[in-house]
Amino acid sequence: MAVCGKAKELLQELGRSEWLPPFNEDNIRQISEEVHAFHKQVLKKLQTFDSEITEYPAEQCGVLVSHQCLTRNKRCTLAYLYVSRLTLKLMAGSNHRVNKIKELRWQTGSVVPDHLAPALCPREMQFFHNYDQLLTGYMAGFGMDLAADMQPPKDLFIEVRVVKDCGEIYTENGAVQLRANSTHYLRRTDVEGLILQGMLVQLKH
């Protein structure tokens, strides 16, 4: 594998992904090991030559190259985990994991959809749940769901079909059993979260 090759692979995975690729813990581990190896190389040369290293151009060049590789690995890894605005401009169309996970909470509510969950590592799932708790607590202070109706709804009530059994939900008009393949005419705000999670689909007329 070429020097810094694993770091390059991480960014290529982001570029090819429509949402987020599965968290590549193996590459992250190998990059971390490579960073430590470069760090040891730099320290060893500096300790060996001390202030006289300027008299040895080849060794001085080696220190510079090792340090640049170390820095590149760290920057690529940070970009993979949390892409800055500048990096986003340089990587047009690529995704960034932390912001995507935050956006997911606003889009789907408190539950990670089944088809997206495999792309998140355990620490990212924990981050999602922690962010959900913070957001839920913040919204509770205002007594409103800030994630509801992100776009102005055309109708207060909508017809939905149940894709997966959801059990019983409670609405302003009482309890409703949501069984697979059944259809219901319900207030949008009562079922919007389930629609975002893929449990229900809205029927359009």
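User: Where does Arg105 lie in this fold?

Analyst: Start with how elements are named: helices (H or I, at least four residues) and strands (E, at least two) are DSSP runs, numbered from the N terminus. Arg105 lies in helix α5, which covers residues 97–108. One caution before we go on: this is a predicted model, where local features need pLDDT of at least 70 and side-chain atom pairs count only at pLDDT 80 or more, while totals for chains, interfaces and linings use all residues. Residues are numbered from 1 along each chain as its sequence is written, and side-chain values use heavy atoms, with hydrogens and water left out.

User: Is Arg105 buried or exposed?

Analyst: The labels go by relative accessible area: under 20% is buried, over 50% is exposed, and in between is partly exposed (1.4 Å probe, protein chains only). Arg105 is buried, at 5%.

User: What does the side chain of Arg105 join in a polar contact?

Analyst: A polar contact is a pair of N or O atoms within 3.5 Å; within protein, one must be able to donate a hydrogen and the other to accept it, and residues adjacent in sequence count only if both atoms are side-chain atoms. Here the side chain of Arg105 pairs with that of Asp132 at 2.5 Å. For plain contact, look for heavy atoms within 4.5 Å. Leaving aside neighbours within four places in sequence, Arg105 is in contact with Asp132 and also with Ser110, Phe128, Tyr131, Leu135, Thr136, Met139 and Ala147.

User: Lys102 is in α5 too. Which residues does Lys102 touch?

Analyst: Not counting residues up to four places away in sequence, Lys102 touches Phe127 and Tyr131. Lys102 counts as partly exposed, with 26% relative accessibility. Its C-alpha atom is 7.0 Å from that of Phe128, although the two residues are 26 apart along the chain.

User: Let's zoom out. How many helices and strands are there?

Analyst: The protein has seven helices and five strands. In sequence order the pattern is α-α-α-α-α-α-β-β-β-β-α-β. Of its 205 residues, 36% count as buried. Among contacts with a separation of 6 or more, 60% come from residues 24 or more positions apart.

User: How do α1 and α2 cross?

Analyst: Axes are lines fitted to C-alpha atoms, for helices over the stretch in contact, and angles run from 0 to 180 degrees between N-to-C directions. The axes of α1 (residues 5–16) and α2 (residues 25–49) come within 9 Å and cross at roughly 150°. For handedness, a crossing is left-handed if the near helix is turned anticlockwise from the far one by less than a right angle, and right-handed if clockwise. This one is left-handed. On the α1 side, Lys6, Ala7, Glu9, Leu10 and Glu13 meet Asn27, Ile28, Gln30 and Ile31 of α2. By class, that contact has four nonpolar, two polar and three charged residues, where Ala, Val, Leu, Ile, Met, Phe, Trp, Tyr, Cys and Pro count as nonpolar, Asp, Glu, Lys and Arg as charged, and the others, Gly among them, as polar.

User: And Lys8, also in α1: which residue is 68 positions away along the chain, with its C-alpha atom at 7.1 Å?

Analyst: That's Cys76. Lys8 itself is partly exposed, at 47% relative accessible area.

User: Which residues touch the most other members of the largest nonpolar core?

Analyst: A nonpolar core is a set of buried Ala, Val, Leu, Ile, Met, Phe, Trp, Tyr and Cys residues joined through side-chain atoms within 4.5 Å. The largest has 14 residues, and Leu10, Phe23, Ile28, Ile31 and Tyr80 touch the most other members. Helices α1, α2 and α3 (57–81) each supply at least two residues of this core. Apart from it lies another core, of 11 residues, including Val176, Val191, Leu194 and Met199.

User: Where is Asn181 found?

Analyst: Asn181 is in the loop between β3 (174–178) and β4 (183–187). Asn181 is exposed, at 61% relative accessible area, and its phi is near 75°, a positive value in a residue other than glycine. Ser182 shares that β3–β4 loop, and its side chain reaches the backbone oxygen of Arg179 at 2.5 Å. Then comes Thr183 in strand β4, whose C-alpha atom is 5.5 Å from that of Val160.
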